Each structure stands twice: as C-alpha cells, then as structure tokens.
Amino acid sequence: MEKLFTKKSFLILVVGIICMFLVACGNSDSPSTNDSEEPATDETAGNGEEEAASEEGGDEKLVIGFSQVGAESEWRTANTKSIQNAITDAGHELKFSDAQQKQENQIKAIRSFITQKVDAIVFSPVVETGFETVLQEAKDAGIPIFLADRAVDVEDDSLWATFLGSDFVEEGRKAGNWLVEEMKDVEGPVNIVELQGTVGSAPANDRKEGFEEVVSADDKFKIIKSQTGDFTRAKGKEVMEAFLKSEGDNIDVLYAHNDDMAIGAIQAIEEYGLKPGEDIIIIGVDAVKGAFEAMADGKMNVTIECNPLFGPQLVDLIEAHFAGETLDKRIAVEESMYTMDQAEELLPTRQY
Ligand code: GZL
C-alpha cells in the first residue's frame, strides 16, 4: 500500500507541478504585452474590404490606372509628369492613358482599367458630364475613382472617392478682381474679349462664372466677344485673329482661361499691329513658364496660378484611402497670382 501511495502521491505531485507551471506560463503573457501595440479594434475586424484595405494601405504595391485629358498645354504636361512620377516613385505600378481631349477615349481607358482589375483609377475628366455609366461600372467592380484636377457633374457622389484640384470659380474671381482694381480709374466702357477653355469642361465653366460674377457688378465692363480656344495656343491665336478682324482697336482686355491660349493670342495681336500688354491688357490662368516669359517681355499683365504639381499629395490620398481612412470629398490645391512686375525675378524659380 505504502509503495502504491508513494507512486500515486508522486504522480499527483508531478501533475500538480505541471499544472502550476502551465498556469504560471499562461499569466506571464499579460505583463509582456507590448503596451505600444494597437489594440485590435472593431474596425480592423470589419468586413473583408476594410481588412483588405488596411492590408493594402501599408506599403502594399498598388496597380493604378491614370486616365489623363491629353497634352494640350504646358499645364497639362506638368500635371501628367507630377502624377506619373509620384505614382512610380511611391513604388506603385502605373497604367497611363492620354485621351487626346476626347471623352470616348477616356471611357474606353476606364473600361480597360476595369478589365485589367487595377486597384485604383486616377481620372481627370475632359468634360463634366457623360461619365455616370462608366463610373458606376468602376464602382460595381470595387475600384475607387480619384478625381484629379477636374470634377464631374453627377448625382451620386459615391461614384468617386475624392476630388483633388483647384477652385476654378475662385480663379475666375481673382482674374475679375485684378481687372477691377487695374481699371479703377478708367471711366469705361472697358471692352473685354474672352477665350474660353474646352467647351463643357469644369475649368471653362467655372472660370467664366467667377470672372463674370465680379465684372458684372460694374456695367463699364462689357464682354463683347467670347469663344472657346480649347485651351491650346494654336486655337487661341486663330480665335483672337477673328476677334481682331471684327473688333480691332475696340478691344481693351483679353481674358484667356489659360496661359497657352493667351500666348497664342499675343502672337495674333502683334501680327495685327497692336502691343499686347499695353494696347490690350492680357489676363491668363495657370502661371506656366511661358506666361512669366511673356510678362517679363511686357506682353502679358497677370496670370492666376493653377498649380499642376499635386502628384505627391494625390498619391498620399490614394494610400490613405487604402489604409482605411475617410477622405474629404473635395480637397483644394493652394494657389496664388503673379503680375508683370514680379515676372523677371520669379521666372528662374518656376517649376512648370
Ligand atoms: C485646370 C486644367 C486646365 C488648365 C489648362 O486645372 O484642367 O486644363 O488650365 C489645361 O491649361 O488644358
């Protein structure tokens, strides 16, 4: 019996020691929990998409489709480069499409990106309307759309994750306010010709709206001609030639929705025999290098900045989205304006 007791009690002792050891090990984990570890929250335990999103949001390589308007201006070229470089510098894969300012090419490009199952689409719509169907197709495919530079006019704002770009109405107001100040001692009438951007595009619609909102407050300002130059130098020159043919010395001011059209118009004005910047006041938008050169030459009076160099900010927003952050629907790019007397000093500093 004693032997049996000894064996039995020994076994009980061993089992007890093992149990105590296991209990001790189980408790020892709690003090070593790293206090800096983020506690798992309900959000990270959310649906598959959020988990996928938070996984992708780290340093996961994304495949990003970029549907760009075209290559119509100095501004556009700088914007394309800024976004392309930001995507590739961040280690993501870029699929790029230049729509040559044609809406049908952008629709085709977005459908192609959907077929290729990209992770995200960057999109600068050539015009504001006519994209609902293809944006819905992207949404149905679970591919977020990041509007860069230009906005779309759609009922359902869940069709796009965020818009990063300029406040074009404010740019128009800045142009109008500069002219009102410049002409404050002039009795009038002040006859204005307007070179509009691409018909139906957000910058053309909004820059016209903002400018008219300001100058219409004083009836000495008269917009005597207004026509699209499609944001290009060639078209801007062609339309300005027509304005000069019909209105000639009657023109006091040119308001061009971008600097490229203003630069084309300057050529037309000189060929007509007038002095741009003196006989006709020249107002542009974008603040591209060509405008600073024209102002330094005394041929242009002011350019309203529209900053194209927002590629890095855009990629930050895309990565934040995939890290599960909620983005504001509209994020405006900070901008200024520059006049003839500043041009010579600032020209060497201009990046686009
Ligand atoms: C504005 C952009 C416009 C530029 C033009 O953000 O969409 O398009 O002002 C360009 O130069 O063609």
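## Overview

Of the 352 residues in the protein, 47% are buried. The model described here is predicted. The protein has twelve helices and twelve strands. Among contacts between residues at least 6 apart in sequence, 74% join residues that are at least 24 apart.

The strands discussed below belong to two sheets. One is an open sheet of six strands with parallel pairing, and the other is an open sheet of six strands with mixed pairing.

## The parallel sheet

The strand order in the parallel sheet is β2-β1-β3-β4-β5-β11. Its edge strands are β2 (93-98) and β11 (330-332), each of which pairs on one side only. On average, neighbouring strands of this sheet are turned by 20° against each other, with direction ignored.

Two of the pairings can be followed in detail. Strands β1 and β2 pair in the parallel sense over six bridges, and in this pairing F96 of β2 is the bridge partner of F66. Strand β5 (residues 162-165) runs parallel to β11 and is joined to β11 by three bridges. In that pairing, F163 stands opposite R330 of β11.

## Strand β1 and the helices across the sheet

Strand β1 is mostly covered, as six of its six residues are buried. Both of its faces are covered: V63, G65 and S67 are buried on one side, and I64, F66 and Q68 are buried on the other.

Two helices lie across strands of this sheet. Helix α3 (residues 74-89) lies across β1 (63-68), β2, β3 (120-123) and β4 (145-148), and runs at about 175° to β1. Helix α11 (residues 311-322) lies across β1, β3, β4, β5 and β11, and runs at about 160° to β4.

## The mixed sheet

In the mixed sheet the strand order is β7-β6-β8-β9-β10-β12. The edge strands are β7 (221-228) and β12 (337-339), and each pairs on one side only. From one strand to the next, the twist averages 15°.

Strand β6 (residues 190-196) runs parallel to β7, and seven bridges join the two. Here V193 stands opposite K225 of β7. Helix α8 (residues 233-247) packs on the sheet and touches β6, β7 and β8, with its direction at about 135° to that of β7. Helix α9 lies across β6, β8, β9 (281-286) and β10 (302-305), and runs at about 155° to β9.

## The nonpolar cores

The largest nonpolar core has 50 residues. Within this core, the residues with the most contacts are L179, M240, L254, I280 and I283. Helix α9 (residues 259-272) gives the largest share of this core, six residues.

I280 shows what such contacts look like for one residue. Leaving aside residues up to four places away in sequence, I280 touches M240, L244, I251, D252, V253, L254, I269, L274, K275 and N301. A second, separate core has 25 residues, including F113, I121, V126 and V134.

## Aromatic rings

The structure holds four aromatic pairs. One of them is formed by F66 and F96, an edge-to-face pair with 5.2 Å from centre to centre and 65° between the planes. The pair links distant parts of the chain, with F66 in strand β1 and F96 in strand β2, 30 residues apart. F66 is buried, with a relative accessible area of 0%, whereas F96 is partly exposed, with a relative accessible area of 35%.

Another pair is formed by F211 and Y255. Their ring centres are 4.0 Å apart and their planes are at 15°, so the pair is stacked. This pair also links distant parts of the chain: F211 is in helix α7 (residues 202-215) and Y255 is in strand β8 (residues 253-256), 44 residues apart. Both F211 and Y255 are buried.

## A charge over a ring

W160 has a charged neighbour over its ring. K329 lies over the face of W160, at 4.3 Å from the ring centre.

Key: Residues are numbered from 1 along each chain as its sequence is written. This is a predicted model: local features need pLDDT of at least 70, side-chain atom pairs count only at pLDDT 80 or more; totals for chains, interfaces and linings use all residues. Side-chain values use heavy atoms; hydrogens and water are left out. A nonpolar core is a set of buried Ala, Val, Leu, Ile, Met, Phe, Trp, Tyr and Cys residues joined through side-chain atoms within 4.5 Å. Buried means under 20% relative accessible area, exposed over 50%, partly exposed in between (1.4 Å probe, protein chains only). Helices (H or I, at least four residues) and strands (E, at least two) are DSSP runs, numbered from the N terminus. Contact means heavy atoms within 4.5 Å. Two strands pair if DSSP finds at least two bridges between them. Axes are lines fitted to C-alpha atoms, for helices over the stretch in contact, and angles run from 0 to 180 degrees between N-to-C directions. Rings of Phe, Tyr and Trp (its six-membered ring) pair if their centres lie within 6.5 Å; planes under 30 degrees apart count as stacked, over 60 as edge-to-face and the rest as tilted. A charge sits over a ring if NZ of Lys or CZ of Arg is within 6 Å of the ring centre and within 35 degrees of the ring normal.
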